[in-house]
Amino acid sequence: LKRIQRLIATVRGVTENIAHDLRTPLNRLRGRLEIALMAPRSSDEYCGELQRAIADTDSIVDRFNGLLKIARIKAGALSLPKDRVNLSEVIEELVDLYAVFSEESGVETEVVCDNASTSELSVWGDAHLISQAAANLLDNAIKYAPRDSKVTLSLVKQVGYIQLEIADCGPGIPPEKLQATSDRFVRLDNAPDKQGFGLGLNFVSAVAEWHGAQFKLADNAPGLRASLIFHSIGI
């Protein structure tokens, strides 16, 4: 009975969070379209309003697609082949991809790789999923890091496993909330100005589970250290 009550409470909480998080973009979309109809406009102005409305709907659809992908991963319904993935290449591509965002945010990104050769920093899995998971962690790190600080991406090879870690100097997460942040729709109360739907870390957790890896969050004093620990496959 306790388990049933907990599941009911979870469903209720998820429903309330969906309603709360989608209300703002939907109201903004509706308001923008109403304003566009209040007075005659040029074709260019109408085109601009429609493009912004499409961007809003894309954001909402992306959230639902994220939910669907998490559900499919956790249910084992996502059938993808596992290939050799070089983690050093993954983080190099991510740093290049987020170069503009980090520069605009005033945050330096640093890559620290183990002395192992790149061929030894490989795991079995899906490169796209691993890249998406690492991108979520890097996006959060840059987003929450203060200006003129540094975000470090590191790869450490130990016997039998490789650890991909992303560390920042931001506000971090209180110890009592570390576990809860991997749940869907959980967002920190101390960051109301940061956009998001609370799906990022839950997606990372699902990707780690699908790869038989571990996902860990720890205090960086100050900031947060997020780690994905994969089984290595050697040369």
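Okay, before anything else, one definition: a residue is called exposed when its relative accessible area is over 50%, buried when that value is under 20%, and partly exposed in between. Keep those cut-offs in your head, since I'll lean on them a few times. Also, what you're looking at is a predicted model.

Let's start with the whole chain. It has 235 residues, and 37% of them are buried. The accessible surface adds up to about 13,800 Å², with carbon and sulfur atoms owning 54% of that. As for the pieces, we've got six helices and seven strands. If you walk along the sequence, they come in the order α-α-β-α-α-β-β-α-β-β-α-β-β. And here's a number about the fold: take the contacts with a separation of 6 or more, and 71% of them join residues 24 or more positions apart.

Now put your finger on helix α3, which is residues 87-97. Which of its residues are buried? Those would be L87, S88, V90, I91, L94 and V95. Looking down the axis of α3, you'd see these buried residues sit within an arc of 160°, so they line one face of the helix. Then what does the face turned away from the buried side carry? That's where you find E92, E93, D96 and L97, and they're exposed.

Next up, the sheet. Five strands make an open sheet, in the order β2-β4-β5-β7-β6, and the pairing is mixed. Why is one side of β2 and of β6 left without a neighbour in the sheet? Well, β2 (107-113) and β6 (214-219) stand at the edges, and each has a single partner strand, so there's nothing in the sheet on one side of them. From one strand to the next, the twist averages 15°.

Let's zoom in on one pair in there. β2 and β4 run in the parallel sense, paired over seven bridges. Within that pair, V112 stands opposite S154 in β4. S154 is a nice one to stop at. It belongs to strand β4, residues 149-158. Is S154 buried or exposed? Its relative accessible area is 12%, which is under the 20% cut-off, so S154 counts as buried. Who does S154 touch, if we skip its neighbours within four places in sequence? The contacts are V112, Q163, L164 and E165. So V112 turns up again here: it's both opposite S154 in the pairing and in contact with S154.

On the other end of the sheet order there's a helix to look at. Helix α6 (residues 200-210) lies across β6 and β7 (224-231), and α6 runs at about 135° to β6.

That brings me to N136, over in helix α5, residues 127-144. Ignoring residues up to four places away in sequence, N136 touches G200, F203 and V204. How far apart are N136 and V204? Along the sequence it's 68 residues, yet in space it's 7.4 Å, C-alpha to C-alpha. And N136 has a relative accessible area of 24%, which makes it partly exposed.

Last thing, the cysteines. If you call a pair of cysteine sulfur atoms within 2.5 Å a disulfide, how many are there? The count is zero. Two cysteines to find on your screen: C47 is partly exposed at 38% relative accessibility, and C113 is partly exposed too, with a relative accessible area of 34%.

Notes:
Residues numbered from 1 in each chain as written. Predicted model: local features only at pLDDT ≥ 70, side-chain atom pairs only at ≥ 80, totals over all residues. Heavy atoms only, no water. Helix = DSSP H or I, 4+ residues; strand = E, 2+ residues; numbered from the N terminus. Buried < 20%, exposed > 50% of the residue type's maximum accessible area, 1.4 Å probe, protein only. Contact = heavy atoms within 4.5 Å. Areas by Shrake-Rupley, 256 points an atom, 1.4 Å probe, with all protein chains shown as cover. Arc of directions from axis to C-beta. Disulfide = S-S within 2.5 Å. Pairing = 2+ DSSP bridges. Axes fitted to C-alpha atoms, helices over the stretch in contact; angles between N-to-C directions.
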